[in-house]
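Q: Could you walk me through reading a pocket and the ligand in it?
A: Gladly; let us start with the lining and then turn to the ligand.

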Amino acid sequence: MTYRAPISDMLLALNHGAGLQAAVQAGHYGDFDADITTAVLEEAAKFATDVLAPLNRIGDKHGIKLNDGKVTTAPGWPDAYKRWAEAGWNGVSGPEAFGGQGLPLAVNAACTEIWSAANIAFGLCPLLTLSAIEALDAHGSDALKAIYLEKLIAGEWTGTMQLTEPQAGSDVGALRTRAERADDGSYRITGSKIFITYGDHDMTDNIVHFVLARLPDAPAGTKGISLFLIPKFLVNADGSLGARNDIYPSGIEHKLGMHASPTCTMTMGDHGGAIGYLIGEENQGMRCMFTMMNQARLGVGLEGVGIADRAYQQALAFAQERKQGRALGKQGAGSDPIMVHPDVKRMLMQMRALTAAARTICYATAVALDVATRATDAKVRSDTAARGALLTPIAKAFSTDIGSEVAYLGVQIHGGMGFIEETGAAQHYRDARITAIYEGTNGIQAIDLVTRKLGANGGASVFALIDELSATVKQVEASNDPAFGTTGTKLREALASLDRTSRWLLERLSSQPNDALAGATPYLRLFSSALGGCLLASEALAARNEANGGGDAARYVALARFFAETIAVQAPSLEKTVTDSAESVMGADAVLLR
Ligand SMILES: Cc1cc2nc3c(=O)[nH]c(=O)nc-3n(C[C@H](O)[C@H](O)[C@H](O)COP(=O)(O)OP(=O)(O)OC[C@H]3O[C@@H](n4cnc5c(N)ncnc54)[C@H](O)[C@@H]3O)c2cc1C
């Protein structure tokens, strides 16, 4: 079945749960006209349904090919990409000075969800280009921007992000690719990278590689890494394409999923060295790369949301059609759609609720990142920058974890047919799996959350967020609406667990850091459960208020209630998992090394 973007859910999440409307009303978005959002999403949804979704299965079956040093994508992909770029989708949030539309990142975040849901392997290409644009715009020289930004924003050229080497995965500081200074101010790069997404393809006539490398006199580790822009084809002074640069795909991977997205080994320097141009300053590459990675981490989180929503839609349709058994107590012959069974309802609600929470967390991250650059007040900018930094690892890891969980449930709802490729449920399950691994594994995200984001300012950003979320809980309680059930109580308990666990981790970070690291992953889940529950409750409150145009209040209240009573309710036991994991995980050697 095809994909239909859930526009009203997305708008409620964006405007109310994620706080876009309040930020616009506070003047943080300048003269941005929020009414545009609906029109943009409706157009994106149409393109996704008509053009991208039909190519999803074709790409999965056909995969990609590498012949004579050139990668070709599946039939229909180059044409779809061309149409997508010509329609302006690559430049939604790009800077206007270079041909972008300058719309909020938050609007583009919703679009990214749509591309990912329709065709995750396709959407991954522009996701990386956008990150490249961000890094070049923030750190590149005017000369580099003048040559490359407009083409990247128009989608005429795509970008890659090249960190990984066989010995340098999570530990980027171990990379060995070398850069030598050339007399003309450029650099010659030699070495090889592995697992490079869209490292080569046939959808555009040039590719702009963003490569991390090390100068001969660079300090060891991450302090000695520089970022270089390496075009596949050099660009002449008049903007036309020149000679082929010395960077080639030397292999492609055969993968569990994402078959249509090329994952390349890239070799540089077989013919004297790839010509590269420094971005930012020498040995400051990690700073530039973080700009790129943060953008990409949010994007990958949105992949999790997109694939989860696609899997949900497909499972719901199947559950309405597939007949097995009878509803309890129903008389007579015949069978009912499996949706009547409480266990199937439970799975569908779990899928729906996890997806909705992850969506709003990702959108809230985008709104924070927007306000951090758009607000005029310096304090607002720094507070929201801290909020965006705090939410980024949560958006990435929670959304991609639930992407896999929801796709797993999607297969389960299909029964045996879920294991059979024709239904497509299996493809979502396979495609979702990588999202928890690339752009920094979810374990690395959890460590980032605990050590850098919680630890950064004595937990100030976390406690400020808990205060805000508590206000939502108060509103739920004040509503006295029986439809909320025990939502208020469950969310209050979840926030209390989050508060206590954060304080425990802060103490352990200084006294016993290994204890804090052992609890990082369950902490991220606890955080997401409390946060997601409160954000869904805020959406339900907004939907109850007809003036917000939310409408359909009963539906959103029931969803928030389900999340609070079956998912956020796990927060107290996750608290115990974190605080007890210190001893139980540290006892692992006695088990594992025998
Ligand atoms: C399909 C695909 C596409 C990719 N695209 C790109 C791309 O475009 N560009 C690019 O540069 N890379 C890309 N990658 C690489 C990807 O980002 C890495 O695979 C990922 O960062 C993990 O590195 P690794 O595979 O070396 O695993 P490792 O770093 O070896 O990790 C193995 C396990 O150990 C854990 N671990 C490692 N170090 C620590 C630590 N310090 N503390 C706690 N746990 C730790 C990890 O969480 C993980 O569970 C891609 C990979 C794939 C498979």
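Q: By class, which residues does the lining of the largest pocket have?
A: This is a predicted model, in which local features need pLDDT of at least 70 and side-chain atom pairs pLDDT 80 or more, while totals for chains, interfaces and linings use all residues. Residues are numbered from 1 along each chain as its sequence is written, and side-chain values use heavy atoms, without hydrogens and water. On a 1 Å grid over the protein atoms alone, a pocket is an open set of points where a 1.4 Å probe fits, with protein on both sides within 12 Å along at least five of seven lines; lining residues have an atom within 4 Å of a point. Here the lining has 18 nonpolar, twelve polar (Gly among them) and ten charged (Asp, Glu, Lys, Arg) residues.

Q: What volume does the largest pocket have?
A: Rolling a probe the size of a water molecule over the atoms shows where empty space is left. The volume, the space filled by probe spheres set on the grid points, is about 1100 Å³ for this pocket. Closest to its centre, among 40 lining residues, are T164, I437, Y438, E439 and G440.

Q: Which polar contacts does the ligand make?
A: A polar contact is a pair of N or O atoms within 3.5 Å. A nitrogen atom of the ligand lies 2.7 Å from a backbone N or O atom of M161, and a ligand oxygen atom is 2.7 Å from a side-chain N or O atom of T441.

Conventions: Polar contact = N/O pair within 3.5 Å; in protein donor to acceptor, adjacent residues only side chain to side chain.
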